[in-house]
Amino acid sequence: MTDLLPYGLGSPDLVEFQPGYFVDRAIAKDLQALSNDAKMNGFGLRIESAYRSFEKQLSIWNRKARGELPLLSDTGELMERPKDEEELMYAILTWSALPGASRHHLGTDIDVVDGTACPEGYEVQLTPAECNGMFAEFHAFLTSRMDAGLSFGFSRVFVPGRGKIRPEGWHIAHLPTSRKRLEHFSLDVLRGIYEQSEMECKRVVLARLPKLAEEYIYPYFV
Ligand SMILES: [Zn+2]
């Protein structure tokens, strides 16, 4: 039977690590260790995004395509929805992964901020400005732990010089586990899933799938 977990389908073995945020059970112990280490150093590792299902990612994708969610330019400003389907697809891809190919499907990847540095009532946006601003010390701490091999298996994935996804300092992945999850990822399976899905821009996504994979998917299989 095809393993559908890498595509955000099927029934992953999840635990609720923080209220409302689920991760793969296999990473919970290491994530707790990283969180404890952060705490001992004055930081509060707070999750802003964790496991996400195919359906959830598809809903984000479709709402952006239909103009029900705002589209942002690559500099982060609100942009007009392109009429051309291919342009629209690339505009969505600037900030959102293809359904079935988001690393958040794996349950091994999370977006994190420093809860102790977050002003009361502040709504986290997950932007480079925050990483370099209020959460800079926390990210410097994470970087130093990763560089020293003391980050319990966690690394950044969306770093400059890989594919076309913008760098995301807040996104960390438990690589030993995600590598196992991605071992049998197949573009043909993903194509089959799309063919059976109500997905906006489906025609152009299917037509460009190998190229999209080279730019937005495979560079981040690390
Ligand atoms: Zn993320």
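Are Arg 103 and Asp 109 buried or exposed? In this predicted model, Arg 103 is buried, and Asp 109 is buried as well. Their side chains meet in a salt bridge, with an N to O distance of 2.5 Å. Side chains of opposite charge can pair when their charged atoms come close.

**Strand S4 and its neighbours**

Asp 109 belongs to strand S4, which spans residues 109-114 and is mostly covered, six of its six residues being buried. In a regular strand the side chains alternate between the two faces of the sheet. For S4, one side carries Asp 109, Asp 111 and Val 113, while the other carries Ile 110, Val 112 and Asp 114. Both faces are covered, and the residues on each are all buried.

S4 pairs with S3 through four bridges, and the two strands run antiparallel. Within this pairing, Ser 49 has Asp 111 of S4 as its bridge partner. S4 is also joined to S6 by three bridges, again in an antiparallel arrangement. Here Asp 109 stands opposite Ala 173 in S6.

Gly 44 is located in the loop between helix H1 (28-40) and strand S3 (45-49). The C-alpha atoms of Gly 44 and Asp 114 are 5.0 Å apart in space, although the two residues are 70 residues apart in sequence. Gly 44 counts as buried because its relative accessible area is 18%, under the 20% limit.

**The zinc site**

Which residues supply the protein donors of the zinc ion? The donor atoms are NE2 of His 104, two entries for OD of Asp 111, and ND1 of His 171. They lie 2.1 to 2.7 Å from the ion. Along the chain, the donors follow the spacing H-x6-D-x59-H. The angles among the four donor atoms range from 52 to 147°, and the site is irregular. The site is not tetrahedral, because that class requires all angles to lie between 85 and 135 degrees. His 104 and Asp 111 are both buried. Asp 111 is thus named both as a zinc donor and as the bridge partner of Ser 49.

**The S1-S2 hairpin**

Strand S1 (residues 14-18) and strand S2 (residues 21-24) run antiparallel and are joined by four bridges. Leu 14 stands opposite Asp 24 in S2. The two strands form a hairpin with two residues between them. Gly 20, in the turn, has a positive phi of about 85°.

A salt bridge is formed between Asp 13 and Arg 25, whose closest N and O atoms are 3.0 Å apart. This pair links distant parts of the chain, with Asp 13 in the segment before S1 and Arg 25 in the loop between S2 and H1, twelve residues apart. Asp 13 counts as partly exposed because its relative accessibility is 43%. Arg 25 also counts as partly exposed, at 45% relative accessibility.

**Salt bridges**

How many salt bridges does a search of the whole structure find? The search finds eleven. The table gives some of them.

| Pair | Closest N to O distance |
|---|---|
| Asp 13 and Arg 25 | 3.0 Å |
| Arg 103 and Asp 109 | 2.5 Å |
| Lys 164 and Glu 215 | 3.7 Å |

Lys 164 forms a salt bridge with Glu 215. That pair links distant parts of the chain: Lys 164 is in the loop between S5 and strand S6 (171-174), Glu 215 is in helix H8 (residues 202-217), and they are 51 residues apart. Lys 164 counts as partly exposed because its relative accessibility is 46%, whereas Glu 215 is buried, with a relative accessible area of 14%. Salt bridges that share partners join Lys 164, Lys 211 and Glu 215 into one network.

**A buried arginine without a salt bridge**

Arg 156 is found in strand S5 (residues 154-156). Arg 156 is buried yet has no salt bridge. Its nearest side chain of opposite charge, Asp 147, is 7.0 Å away; the pair does not count as a salt bridge because the cut-off is 4 Å.

What does the side chain of Arg 156 reach at 2.7 Å? It reaches the backbone oxygen of Gly 169. A polar atom of the Arg 156 side chain also lies 3.2 Å from the backbone oxygen of His 139.

Technical notes. Residues numbered from 1 in each chain as written. Predicted model: local features only at pLDDT ≥ 70, side-chain atom pairs only at ≥ 80, totals over all residues. Heavy atoms only, no water. Donors = N, O, S within 2.8 Å, 3.2 Å for Na, K, Ca; no water. Tetrahedral: all angles 85-135°; square planar, octahedral: opposite > 155°, others 65-115°. Buried < 20%, exposed > 50% of the residue type's maximum accessible area, 1.4 Å probe, protein only. Pairing = 2+ DSSP bridges. Lys, Arg positive; Asp, Glu negative; His and termini not counted. Polar contact = N/O pair within 3.5 Å; in protein donor to acceptor, adjacent residues only side chain to side chain.
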